[in-house]
Each structure stands twice: as structure tokens, then as C-alpha cells.
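These are my notebook entries on a single protein chain. I record what I looked up, item by item.

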Amino acid sequence: MSSIPKEREDLKPEACSEEVCNIQTCLLKNDFALERCKIPIKRLEKCCEAIEYKSKHCASVSNLLDMLEKRTSKKQPPGPCL
């Protein structure tokens, strides 16, 4: 008897690939501004959590989240209008 739940028995390494493609598309559309792609990054994180990070696409999610957090925490308030 398998200890893997039925819905995960056919899990493939390609799981969450759609989320990764959405991140790539977002980055291309937004001149690689990571902070503008929070939603697709969070969707990848949720997908990876759901499959217990058993996909090759989940290896980079923690790095993306770390980079996003660093960039948003370093944001400076906008300068005065001239």
C-alpha cells in the first residue's frame, strides 16, 4: 500500500510549470522588475506547497521570495517632484 495520497501518485517533475511560465512572462513584460510579479511568484509558492516541493520548478521559489523581499524592503520613498 502506497503512503502517497492518490492525487499525488501521478505527480510529475513538470508540476507547477505553468506558474513558472507565468513568472517568466511577467518578468519579460515588466522589464525584469521582480516586485511587479508578486502574484505569479506567490502562485508558484502555493503550487509548490501543495505538492510538497516535489517538482524541479520549486527549487527556485525560495530564492525568488528572498529576492522579492530584499527588493521591496530596500525601496526608497519617491523623491520630490521637480
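Entry 1: Pro40. Is Pro40 buried or exposed? I worked from a predicted model throughout. I found a relative accessible area of 14% for Pro40; the cut-off for buried is under 20%, so I entered Pro40 as buried. I located Pro40 in helix H2. I then listed its contacts, setting aside neighbours within four places in sequence: Asn22, Ile23 and Cys26 touch Pro40. I also looked up one C-alpha separation, and Pro40 and Val20 are 7.9 Å apart, with their positions 20 residues apart along the chain.

Entry 2: the chain as a whole. I counted three helices and zero strands in the protein chain. Read from the N terminus, the order of elements is α-α-α. The chain has 82 residues, and 28% of them count as buried. For the accessible surface I noted about 6500 Å², with 54% of this area belonging to carbon and sulfur atoms. I next took the contacts between residues at least 6 apart in sequence; 60% of these join residues at least 24 apart.

Entry 3: the nonpolar core. Which residues touch the most other members of the largest nonpolar core? I found that this core holds 18 residues, and that Cys16, Ile23, Leu34, Ile41, Leu44, Cys48 and Leu64 have the most contacts with other members. H1, H2 and H3 are the elements that contribute two or more residues to this core. I followed up Cys48 from that list. Apart from neighbours within four places in sequence, Cys48 is in contact with Cys16, Tyr53, Cys58 and Val61.

Entry 4: H2 against H3. I took H2 as residues 38-50 and H3 as residues 61-73, and I recorded a packing angle of about 145 degrees with the axes 10 Å apart. The crossing of H2 past H3 is left-handed. On the H2 side I listed Lys38, Ile41, Lys42, Leu44, Glu45 and Cys48; on the H3 side the partners are Val61, Leu64, Leu65, Leu68 and Thr72. Sorted by class, this contact comprises seven nonpolar, one polar and three charged residues.

Entry 5: positive phi values. Where does Phe32 lie? I placed Phe32 in the loop between helix H1 (17-29) and H2. Its phi is near 60 degrees, which is positive in a residue other than glycine. The relative accessibility of Phe32 is 52%; the cut-off for exposed is over 50%, so I entered Phe32 as exposed. I found another positive phi at Glu52, about 55 degrees, although Glu52 is not a glycine. Glu52 sits in the loop between H2 and H3. At 45% relative accessibility, I entered Glu52 as partly exposed.

Entry 6: Ser17. How many residues apart along the chain are Ser17 and Lys56? I noted that they are 39 residues apart along the chain, with their C-alpha atoms separated by 8.9 Å. Ser17 belongs to helix H1. Its relative accessible area is 30%, and I therefore entered Ser17 as partly exposed.

Technical notes:
Residues numbered from 1 in each chain as written. Predicted model: local features only at pLDDT ≥ 70, side-chain atom pairs only at ≥ 80, totals over all residues. Heavy atoms only, no water. Axes fitted to C-alpha atoms, helices over the stretch in contact; angles between N-to-C directions. Helix = DSSP H or I, 4+ residues; strand = E, 2+ residues; numbered from the N terminus. Left-handed = near helix turned anticlockwise from the far one by under 90°. Contact = heavy atoms within 4.5 Å. Nonpolar A, V, L, I, M, F, W, Y, C, P; charged D, E, K, R; others polar. Buried < 20%, exposed > 50% of the residue type's maximum accessible area, 1.4 Å probe, protein only. Areas by Shrake-Rupley, 256 points an atom, 1.4 Å probe, with all protein chains shown as cover. Core = buried A, V, L, I, M, F, W, Y, C linked by side-chain atoms within 4.5 Å.
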